[in-house]
Amino acid sequence: ENNELKKIIAHAKEYGFVYPSSEIYDGLQAVYDYGAYGSELKKNLKDLWWQTMTKLNQNVVGIDAAIFMHPLTWKASGHVDSFTDPLIDNKDSNKRYRADVLVEDKAAEYENAGDKERADALLKKLGQLLEAEELEAVRELIIEEEIACPISGTTNWTEVRQFNLMFDTQVGAVAEDSSKIYLRPETAQGIFVNFLNVQKTARQKIPFGIAQIGKAFRNEIVARQFIFRMREFEQMEMQFFVRPGEEMKWYEHWKETRLKWHKAIGLPAEDLRFHDHEKLAHYANAATDIEYKFPFGFKEVEGIHSRTDFDLTQHQELSKKKLQYFDTEINKNYIPYVVETSIGADRLFLMVLSNSFTEEEVQDGEKVKTRTYLKLHPAIAPVKAAVFPLIKKNGLPEKAKEIFDDLRYDFNMIYEENQAIGKRYVRQDLIGTPFCIAVDFQTLEDNTVTVRHRDTTEQLRMPISDLRAYIGKEVSF
Ligand code: ATP
């Protein structure tokens with residue numbers, strides 16, 4: 001892990017954003033818990049996504065499907081047969097790796113050393129071998145490239161084999177009655193199997209979309225880069241059902257719409273890019289990723305895929321239920337095509353946290369020191385404003401509490417009266433609170449307060465009666 005990422009991980013833990021799961025038992029790999037401010041930030045991100053999907057689009061409605069689904073769902077979707085990663089073990093260290101990631105890392109090494117051509121050639125070869133399922137040749141490639149295990153340092157590798165990423169468990173108390181079911185590896189299938197239920201009951205006409213936020217589980221082999229790749233995570237997906245032949249128009253529409261959304265929540269255009277897929281999954285006829293420049297390089301945050309009628313056709317076949325839509329405008333029955341947008345809430349969180357983490361050199365008397373703060377858009381900041389009495393006596397706490405009590409039903413607020421006020425400001429900077437309201441002696445005379453801005457540290461004097469409207473305007477989009 002590079003330094004920048006290390007700092008972010010340490011900050012997230014220290015200031016109540018993200019902790020390793022079951023930390024007292026030394027943690028559980030690739031599983032994380034969100035703390036006081038992390039859970040607020042994550043909730044704000046999810047709410048914002050939900051609202052932009054369902055409220056701003058009249059033809060997108062929500063759904064909340066179960067994590068467990070009928071096992072045939074995953075047969076139909078292709079996950080039982082092909083939701084796999086190629087694995088390889090090092091015989092000396094007994095460590096397990098993803099064969100494709102070993103090769104990708106090697107390619108990155110070439111690229112970093114300035115040999116982009118060699119990197120591209122290697123990636124191309126890997127892609128071809130994986131597509132043709134030539135696993136033995138992937139192993140040969142690893143040996144040819146002298147890729148050594150980082151632990152043992154040897155190139156003594158086992159064969160490459162496919163490993164399914166789905167977690168399974170048993171339902172039913174008695175062994176004979178029980179049957180294997182899976183923890184969903186994506187939320188999308190809950191939408192596909194409910195497509196007609198929702199279309200009819202929410203009285204939707206094509207084109208329309210169904211949005212969902214929920215947990216997904218993948219037994220990821222390479223679990224690294226903090227909450228970028230987790231075994232339990234949350235997805236926010238929207239499947240948009242369209243008339244066959246019109247999918248490209250909608251694919252372009254959602255590509256642009258989603259990129260705009262990322263910019264609106266404060267991510268700089270130069271740190272975002274599309275990565276169009278050349279090699280398409282069997283079910284897709286167009287696909288792109290929105291990538292963000294993480295501390296460890298440009299990586300996928302969101303996928304936008306034109307999935308054709310693959311999923312609905314598969315479900316129709318296995319369930320033997322018609323999954324067709326009658327389009328009254330053209331008097332035709334058809335299985336709709338689907339354009340989806342799929343983003344991980346945790347990955348979005350990491351992107352927003354990385355982007356907001358700011359260290360600035362500031363002059364403090366004679367010394368230069370580093371000021372650290374989270375430059376979060378006020379609309380997603382976990383705490384919107386903190387209220388401080390300048391000192392803990394002479395009626396200032398009472399006045400400050402009055403303001404706090406008046407605003408706390410509208411905004412997530414903090415009241416703090418201990419320590420020097422400078423320290424209290426610093427603490428709010430560290431969790432990204434955009435405004436600090438200070439109550440001083442002048443407040444008792446004229447009912448005005450100072451409002452300190454996190455990013456500039458500038459203070460504005462304003463009447464208490466203006467606070468609600470002022471903060472309200474700043475924390476909305
Ligand atoms: P990757 O190539 O990084 O494994 P993917 O292409 O398999 O991702 P999708 O199946 O398209 O990802 O899932 C959609 C989104 O879900 C991703 O863009 C990402 O934001 C999120 N996501 C997928 N896997 C994980 C994971 N293990 N941990 C956290 N988020 C994930």
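Helices (H or I, at least four residues) and strands (E, at least two) are DSSP runs, numbered from the N terminus. Residue numbers start from 1 along each chain as its sequence is written. The model is predicted: local features need pLDDT of at least 70, side-chain atom pairs count only at pLDDT 80 or more, and totals for chains, interfaces and linings use all residues.

**Exercise 1. Getting an overview**

Task: Find how many helices and strands the chain has, and what share of its residues is buried.

Solution:
- Begin with the secondary structure: the chain holds 16 helices and 23 strands.
- Next, take the extent: the C-alpha trace spans about 80 × 65 × 55 Å along its principal axes.
- Then turn to burial. A residue is buried if 20 or more other C-beta atoms lie within 10 Å of its own, exposed if 12 or fewer, and partly exposed in between, with C-beta atoms placed from the backbone. Of the 477 residues in the chain, 34% are buried.
- Finish with the confidence. The average pLDDT (the predictor's confidence in each residue, from 0 to 100) is 95 for the chain, and 99% of the residues score at least 70. For the complex, the predictor gives an ipTM of 0.98 and a pTM of 0.94.

**Exercise 2. A three-stranded sheet and its helix**

Task: Work out in which order β4, β5 and β6 form their sheet, and which helix lies across β4 and β5.

Solution:
- Look for pairing, which requires that DSSP finds at least two bridges between two strands. The order is β5-β4-β6, in an open sheet with antiparallel pairing.
- Now pick out the edges: β5 (96–98) and β6 (161–164) each pair on one side only.
- Check the twist: neighbouring strands here are turned by 50° against each other on average, direction ignored. Axes are lines fitted to C-alpha atoms, for helices over the stretch in contact, and angles run from 0 to 180 degrees between N-to-C directions.
- Zoom in on one pair. Strand β4 (residues 84–89) is joined to β6 by four antiparallel bridges, and P86 has Q162 of β6 as its bridge partner.
- Add the helix: α5 (residues 99–112) lies across β4 and β5, at about 65° to β5.
- Finally, place V101, a residue of α5. V101 counts as partly exposed because it has 15 C-beta neighbours inside 10 Å. Between V101 and L87 there are 9.5 Å, C-alpha to C-alpha, at a separation of 14 residues in sequence.

**Exercise 3. The enclosed strand β19**

Task: Explain why β19 is described as largely enclosed, and find which residues stand opposite A386.

Solution:
- Start with burial: five of the five residues of β19 (residues 385–389) are buried, so the strand is largely enclosed by the rest of the structure.
- Recall that side chains in a regular strand alternate between the two faces of the sheet. In β19, A385, V387 and P389 point one way, while A386 and F388 point the other way.
- Follow the first partner: β20 (residues 413–415) runs parallel to β19 and is joined to it by three bridges. Here A386 has I414 as its bridge partner.
- Trace the connection: the chain passes from β19 through helix α13 (residues 396–407) to β20 in a right-handed β-α-β crossover. Right-handed means that, with the strands pointing away from the viewer, the path from the first strand over the helix to the second runs clockwise.
- Turn to the other partner: β21 (residues 435–439) is also parallel to β19, with five bridges. In β21, C436 is opposite A386.

**Exercise 4. Around the ligand**

Task: Identify which element gives the largest share of the shell around the ligand.

Solution:
- List the shell, counting a residue as near if its C-beta atom, placed from the backbone, lies within 6 Å. The ligand is surrounded by 16 residues, and the closest are F233, G303, S342, G344 and R347.
- Group them by element: β10 (232–242), β13 (297–308), β16 (337–344) and α12 (345–356) each give two or more residues.
- Pick the main contributor: β13 supplies four residues, the largest share.

**Exercise 5. Backbone exceptions**

Task: Find where the cis peptide bond is, and whether Q419 is buried or exposed.

Solution:
- Remember the background: most residues other than glycine have a negative phi, and most peptide bonds are trans.
- Locate the cis bond: it runs from I206 to P207, with omega near 5°. P207 sits in the loop between α9 and β9 (208–217).
- Consider Q419, a non-glycine residue with a positive phi of about 70°, in the loop between β20 and α14. Q419 counts as exposed because it has 12 C-beta neighbours inside 10 Å.

Key
Two residues are in contact if their C-beta atoms, placed from the backbone, lie within 7 Å.
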